[in-house]
Number of protein chains: 2
Amino acid sequence: MLHYFQKNNRVKLKLSRLLRFQAFLFNTDEKRLAASIKHMVGSKPFNLSLYKLAIKHVSVAEEFKNGLRISNERLEYLGDAILGAVVAEFLFNKFPFRDEGFLTETRSRMVNREALNQIAVKIGLSKILEAELKGKNLSAHKSIFGDTLEAMVGAVYLDRGYKFCKKFIHQRILIHFDVDDIIATTTNFKSKIIEWSQKESKEVDFKLVSVTGNTRFKEFLVELWVGGEVCTSGKGATKKKAEQEAAKNACEKLKIAF
Amino acid sequence: MLHYFQKNNRVKLKLSRLLRFQAFLFNTDEKRLAASIKHMVGSKPFNLSLYKLAIKHVSVAEEFKNGLRISNERLEYLGDAILGAVVAEFLFNKFPFRDEGFLTETRSRMVNREALNQIAVKIGLSKILEAELKGKNLSAHKSIFGDTLEAMVGAVYLDRGYKFCKKFIHQRILIHFDVDDIIATTTNFKSKIIEWSQKESKEVDFKLVSVTGNTRFKEFLVELWVGGEVCTSGKGATKKKAEQEAAKNACEKLKIAF
């Protein structure tokens with residue numbers, strides 16, 4: 001099984017190098033695309049067809065007679081996973097003393113649709129897309145840039161491998177994140193609830209209901225009382241986490257913006 | 001930035017090779033652990049301390065005076081992301097003609113806690129854990145084996161890099177999955193609902209409410225009527241997908257087991 005993969009990879013690499021010669025056969029559009037990709041990714045594409053596929057959003061994909069539609073959605077699925085792994089390692093190394101809850105939360109704030117949309121504009125992917133779609137209505141799909149950025153990551157990964165793709169993500173995507181700013185704005189639900197209670201002049205109280213588990217591994221159950229009634233509850237490995245959880249649930253229940 | 005990473009990686013690799021000499025200083029427990037890891041991973045560990053950390057479940061982690069607890073949770077977070085990326089690529093290559101919805105669904109069925117627990121037992125990780133925990137109660141944490149398997153993936157990745165880790169996942173984890181079997185049991189919600197309606201002698205009907213979008217990109221809205229009343233609705237890019245969505249929502253609402 002391994003040998004198959006290794007051999008296959010080697011064949012792929014050789015093929016990719018051969019594919020460079022295809023550049024002689026590029027038409028004007030393809031030449032322009034190859035140049036844009038080089039500018040964005042930092043190196044000439046080996047296999048241009050991957051990048052051509054990456055900018056084919058489902059809304060502009062051709063439909064074949066049998067109803068099949070070739071779009072970038074599969075590449076987006078792959079790119080999403082690769083991006084997730086690279087960002088996970090980035091945060092793992094950047095914050096050696098923070099727990100996995102913090103890392104997970106920070107990661108999901110970084111790879112959300114809105115943030116990716118903005119980065120796609122910053123690195124010039126939106127320009128490539130606009131040229132490709134030539135006046136078709138882009139605004140109909142809010143997340144078209146972010147989707148395409150993920151697909152682009154998938155294309156870079158397939159074209160150049162994990163190491164190159166990781167470098168691409170570090171140098172061209174992560175560089176646009178102000179991670180400290182992202183962390184600073186991480187919502188503190190408990191203070192949101194207290195703020196709200198003061199505005200609404202209601203009494204809120206966190207009550208520790210129970211602590212289960214053994215001496216090594218505890219679970220705290222906290223109830224949040226609002227105006228003399230139980231509003232929500234929360235569980236966690238520490239009292240603080242359980243309170244945050246209860247406060248978060250209350251923010252959702254009481255529709256407090258956060 | 002790149003140079004820092006590259007250099008850092010090279011230093012890490014050299015350090016890892018030097019760390020092999022630490023084997024002379026291993027005590028009996030460490031020698032046994034190193035041998036077990038070699039058997040499981042397929043190669044001697046470079047940096048044993050990573051693997052020692054990987055088998056430190058939060059429930060048995062030592063607690064320091066300041067309340068800090070060193071456990072495998074951070075490694076689990078990293079391993080989860082790496083495993084996700086490798087499985088995503090595996091399915092991407094295995095099913096070149098399936099859409100991203102299918103790939104996402106299949107992946108989440110493969111990397112769930114229950115499946116990972118079983119694999120941890122199959123590859124002998126549970127034995128290592130039992131030896132480590134020496135009679136402590138493992139059953140208190142259902143997912144301890146699956147959690148530790150993810151942490152182990154994280155340790156292999158940090159110790160040996162992406163390529164080796166991918167090989168490890170392919171050869172030692174994915175080999176235990178019968179992917180075709182997993183796909184065959186993918187739930188068909190529509191047939192579940194129809195089955196249920198026959199048993200309960202209720203009339204169910206899928207009604208196409210609207211089709212929005214342009215000629216290229218459509219969105220179907222389907223309502224599911226049960227016994228003459230609207231029960232749920234579903235949206236999707238095809239009528240079939242919208243019906244599945246509506247049926248899934250109904251299964252949840254009517255508490256039909258699936």
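Read from the N terminus on, the elements of chain A follow the order α-α-α-α-α-α-α-α-α-α-β-β-β-α. Helices (H or I, at least four residues) and strands (E, at least two) are DSSP runs, numbered from the N terminus. The model is predicted, so to speak of local features a pLDDT of at least 70 is needed, side-chain atom pairs count only at pLDDT 80 or more, and totals for chains, interfaces and linings use all residues. Residues are numbered from 1 along each chain as its sequence is written, chains are lettered from A and ligands numbered from 1 in the order in which they are written, and side-chain values use heavy atoms, with hydrogens and water left out.

**Exercise 1. Elements and confidence**

Task: Find how many helices and strands chain A has, and where its confidence is lowest and highest.

Solution:
- Step 1. Count the elements: chain A has eleven helices and three strands.
- Step 2. Look at pLDDT, the predictor's confidence in each residue, from 0 to 100. The average over chain A is 84, and 85% of the residues score at least 70.
- Step 3. Compare the elements. Confidence is lowest in helix α1 (residues 2-19) of chain A, with a mean of 60, and highest in helix α4 (residues 73-94) of chain A, with 96.
- Step 4. Keep a caution in mind: where pLDDT is low, the predicted coordinates should not be read in detail.

**Exercise 2. Two copies**

Task: Work out how chain A is laid on chain B.

Solution:
- Step 1. Superpose the copies by least squares on the C-alpha atoms of residues with pLDDT of at least 70 in both.
- Step 2. Read the result: a turn of 180° and a shift of 0.0 Å along the axis lay chain A on chain B with an RMSD of 0.1 Å.
- Step 3. Interpret it: the two copies are therefore related as by a two-fold rotation axis.
- Step 4. Locate the axis: in chain A, the C-alpha nearest to it belongs to A85(A), at 3.2 Å.

**Exercise 3. Buried or exposed?**

Task: Sort A88(A), A35(B) and V230(A) by accessibility, and find a partner in space for each.

Solution:
- Step 1. Set the cut-offs: buried means under 20% relative accessible area, exposed over 50%, and partly exposed in between (1.4 Å probe, protein chains only).
- Step 2. Take A88(A), in helix α4 of chain A. Its relative accessibility is 0%, so A88(A) counts as buried. R107(A) is 19 residues away along the chain, and the two C-alpha atoms are 6.7 Å apart.
- Step 3. Take A35(B), in helix α2 of chain B. With a relative accessible area of 46%, A35(B) is partly exposed. Between the C-alpha atoms of A35(B) and P45(B), ten residues apart along the chain, there are 8.9 Å.
- Step 4. Take V230(A), in strand β3 (residues 229-236) of chain A. V230(A) is partly exposed because its relative accessibility is 44%. F206(A) is 24 residues from V230(A) in sequence and 9.7 Å from it, C-alpha to C-alpha.
- Step 5. Finish with the whole chain: of the 258 residues of chain A, 44% count as buried.

**Exercise 4. Cysteines**

Task: Explain why C231(A) and C251(A) form no bond with each other.

Solution:
- Step 1. Recall that a disulfide is a pair of cysteine sulfur atoms within 2.5 Å. Over all chains, the structure holds zero disulfides.
- Step 2. Check the distance: the closest cysteine sulfur to that of C231(A) is in C251(A), 9.4 Å away, which is too far for a bond.
- Step 3. Check the surroundings: C231(A) is buried at 13% relative accessibility, and C251(A) is buried at 1%.

**Exercise 5. A positive phi**

Task: Find where S201(A) lies and whether it is buried or exposed.

Solution:
- Step 1. Note the backbone: S201(A) is not a glycine, yet its phi is positive, about 45°.
- Step 2. Place S201(A) in the loop between α10 (189-199) and β1 (204-213) of chain A.
- Step 3. Read its accessibility: S201(A) is exposed, with a relative accessible area of 67%.
- Step 4. Turn to chain B: S201(B) has a positive phi near 45°, lies in the loop between α11 (189-199) and β1 (204-213) of chain B, and counts as exposed at 66% relative accessibility.
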